[in-house]
Amino acid sequence: MKAIRYRRDWEVRIDLWILGLNGPPIGWHDSSACLLDGTGNVWAMAEEERFTRAKHAVRSFPRNAARFCLDSAGIEPGELDGIAIGWGLPRLYPREGRGWG
């Protein structure tokens, strides 16, 4: 059963969660994560370098940043309704001389 959360400062029922990610294999630096609710409000966002202390977090997946976002809202990965990736892969690969699919 899906958990329902209520935003503390609003009287809004939150029953949709989207986690946005930027990082490998689609991006090679500045790995990050962002958590949005169904009304478009940003609950948390963070770059991976904040946790690893590696400048730009080159070629690292935003694991710690994603966990921070989920913990900030008090939800688990299974409660996510979708994950958004920060790159248009079909457009990116032809520019690098690779095929898509």
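How many bridges join β3 to strand β6 (residues 82-85)? The legends below take up this question and the surroundings of two aromatic pairs.

This is a predicted model, in which local features need pLDDT of at least 70 and side-chain atom pairs count only at pLDDT 80 or more, while totals for chains, interfaces and linings use all residues. Residues are numbered from 1 along each chain as its sequence is written, and side-chain values use heavy atoms, with hydrogens and water left out.

**View 1. The chain as a whole has 3 helices and 6 strands.** Helices (H or I, at least four residues) and strands (E, at least two) are DSSP runs, numbered from the N terminus, and along the sequence they follow the pattern β-β-β-β-β-α-α-β-α. Of the 101 residues, 35% count as buried, a term that stands for under 20% relative accessible area, with exposed meaning over 50% and partly exposed in between (1.4 Å probe, protein chains only).

**View 2. Strand β3 (residues 17-22) pairs with β4 and β6.** Two strands pair if DSSP finds at least two bridges between them. With strand β4 (residues 32-37), β3 pairs in the antiparallel sense over 6 bridges, and here L21 stands opposite A33. With β6, β3 runs parallel and is joined by 4 bridges, where the bridge partner of I18 is G82. Because 5 of its 6 residues are buried, β3 is largely enclosed by the rest of the structure.

**View 3. W17 and W43 form an edge-to-face aromatic pair.** A search of the whole structure finds 2 aromatic pairs; rings of Phe, Tyr and Trp (its six-membered ring) pair if their centres lie within 6.5 Å, and planes under 30 degrees apart count as stacked, over 60 as edge-to-face and the rest as tilted. W17 and W43 lie 4.9 Å apart centre to centre, with 75 degrees between the planes. This pair links distant parts of the chain, since W17 belongs to β3 and W43 to strand β5 (residues 42-47), 26 residues apart, and both tryptophans are buried.

**View 4. F51 and F68 form a tilted aromatic pair.** Their ring centres are 5.8 Å apart, with 45 degrees between the planes, and the pair links helix α1 (residues 49-52), which holds F51, to helix α2 (residues 63-73), which holds F68. F51, at 32% relative accessibility, counts as partly exposed, and F68 does so at 26%. R50 lies over the face of F68, at 4.7 Å from the ring centre; a charge sits over a ring if NZ of Lys or CZ of Arg is within 6 Å of the ring centre and within 35 degrees of the ring normal.
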